[in-house]
Amino acid sequence: MGDSIKYVFSRRIILPALLFFSLSIISTSSSASPWARTDGEILIISRAEYFSTDLTPANVGEPIGQFQRLESNNYFEYGLTESITIGGKAIYGTTWLNNAAVSQSQSGFSELEGFGQYQILRSNKHAASIRVAAATPVQLQSGARTSLMGKGVDLDFSALYGRDLLFKPVKIFTAAELGYRKNIGENADQIRTQITFGIEPHRRVLVLVEAFGTMSMQNHQKDGADFDIVKLQPSLVIKATERWSIQAGLNREVAGRNLELGRTFFIGLWSRF
C-alpha cells in the first residue's frame with residue numbers, strides 16, 4: 001500500500017454514515033423508538049445505502065481521492081410481549097477507495113447487533129422505554145478506516161421518550177433517545193443522541209426530520225477510535241399498503257472531529273406482520 005493510502009488510513013476516518021433507525025410505519029409505533037411492538041408483531045426493514053466522501057488531508061487543502069460505500073442494512077423487531085421488544089441488525093457492504101496512487105475495494109459485514117427493549121410507560125400521548133444492545137464494532141476488513149476499526153464488543157444502554165404533539169388536522173410527534181455506548185476494547189466510549197420530528201399530513205404520507213449525535217468520551221487506548229459527529233436526516237415515508245412502506249432520504253454529516261464528513265442517500269422497504 002502506497003504512502004498516501006497509509007496516510008489516509010492512519011490519519012483520516014472515512015466511514016459510511018451508520019444508520020440509527022428512522023420511524024418506519026406511519027403510526028406512532030416505530031423502530032428504535034419508545035413505542036414497543038405489540039405482542040407477536042414482526043417488523044422487517046431492508047435498506048440500500050450509498051455513502052461517499054472526499055479525501056482531503058489537512059496539509060493538502062484539496063481532495064486527493066474519494067471513499068465510497070454501498071451497504072445493505074437489514075433490521076428486524078419482534079414483540080415478545082406487550083412491553084418487551086427484541087431485535088437486531090446486520091450491515092453488509094462494499095467499499096471503494098480511489099486516489100492517484102491506488103484504487104481498491106473491500107467487502108464484508110461491517111456491524112452485527114442484537115438488542116432488548118422494555119417499555120416502562122405508555123399512554124395515548126407519550127411513551128418511554130429503556131434499551132440494552134450488544135454489537136460487534138466496525139471491522140477493518142469490511143472497509144472501515146484504521147482509526148475506526150473496532151476491537152472487542154460494544155454495549156449500549158439507552159433511554160427513549162416519545163410524545164404525540166398534535167392529532168388534527170395533521171399528526172405531529174417527536175421522539176428522543178439518549179444512550180451510552182461502552183466499548184470492551186480500545187475504542188473510546190460514546191454518548192449518543194437522537195431527536196426525531198415527524199409530520200403525517202395524510203395517513204399514507206410521513207415526513208421525518210432527524211438529528212443524530214455521537215460524542216467521544218476520549219478514553220480510548222492507543223489505536224482505538226476517537227471521533228465526534230453530528231448528522232441530519234430528512235426523509236419521506238410512503239405507506240403503499242397496510243403491510244408495506246417505502247422510505248427514501250438523505251443523511252448528511254454536518255459536523256465532526258477526526259473524520260471526513262460525507263453524505264448518504266438511501267431507500268428502504270419494510271413490512272409489518
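1. Arg-131 and Glu-113. In this predicted model, the side chains of Arg-131 and Glu-113 make a polar contact of 3.3 Å. Arg-131 sits in strand β5, residues 126-136. Its relative accessible area is 8%, so Arg-131 is buried, the cut-off being under 20%. Setting aside neighbours within four places in sequence, Arg-131 also touches Phe-115, Gly-116, Gln-117, Asp-156, Phe-157, Ser-158 and Leu-160.

2. The charged network. Arg-131 belongs to a network of salt bridges. The other members are Lys-89, Glu-111, Glu-113, Asp-154, Asp-156 and Arg-181. Side chains of opposite charge can pair when their charged atoms come close. One link is Asp-156 with Arg-181, whose closest N and O atoms are 2.7 Å apart. Asp-156 lies in strand β6 and Arg-181 in strand β7, 25 residues apart. Asp-156 and Arg-181 are both buried.

3. The barrel. The strands β1 to β12 form a closed barrel of 12 strands, in numerical order and with antiparallel pairing. Neighbouring strands are turned by 20° against each other on average, with direction ignored. Strand β4 (residues 103-122) runs antiparallel to β5, and 10 bridges join them. One bridge partnership is that of Arg-122 with Ala-127 in β5.

4. Salt bridges elsewhere. The whole structure holds 17 salt bridges. One of them joins the side chains of Glu-41 and Arg-272, at 3.2 Å from N to O. This pair spans 231 residues: Glu-41 is in the loop between α1 (3-11) and β1 (42-55), and Arg-272 is in strand β12. Glu-41 counts as buried because its relative accessibility is 10%. Arg-272, at 23%, counts as partly exposed.

5. A pair between loops. Arg-203 and Glu-242 meet through their side chains in a salt bridge of 3.8 Å, N to O. Arg-203 is in the loop between β8 (190-202) and β9, while Glu-242 is in the loop between β10 and β11, 39 residues apart. Both Arg-203 and Glu-242 are exposed.

6. Backbone points to check. The peptide bond from Lys-168 to Pro-169 is cis, with omega near 0°. Pro-169 falls in the loop between β6 (153-166) and β7 (171-184). Gln-218 is not a glycine, yet its phi is positive, near 55°. Gln-218 belongs to the loop between β9 (205-216) and β10 (228-239). Asn-258, also not a glycine, has a positive phi of about 65°. Asn-258 is in the loop between β11 (244-257) and β12 (263-272). With a relative accessible area of 39%, Asn-258 is partly exposed.

Conventions: Residues are numbered from 1 along each chain as its sequence is written. This is a predicted model: local features need pLDDT of at least 70, side-chain atom pairs count only at pLDDT 80 or more; totals for chains, interfaces and linings use all residues. Side-chain values use heavy atoms; hydrogens and water are left out. Helices (H or I, at least four residues) and strands (E, at least two) are DSSP runs, numbered from the N terminus. Buried means under 20% relative accessible area, exposed over 50%, partly exposed in between (1.4 Å probe, protein chains only). A polar contact is a pair of N or O atoms within 3.5 Å; within protein, one must be able to donate a hydrogen and the other to accept it, and residues adjacent in sequence count only if both atoms are side-chain atoms. Contact means heavy atoms within 4.5 Å. Two strands pair if DSSP finds at least two bridges between them. Axes are lines fitted to C-alpha atoms, for helices over the stretch in contact, and angles run from 0 to 180 degrees between N-to-C directions. A salt bridge is a side-chain nitrogen of Lys or Arg within 4 Å of a carboxyl oxygen of Asp or Glu.
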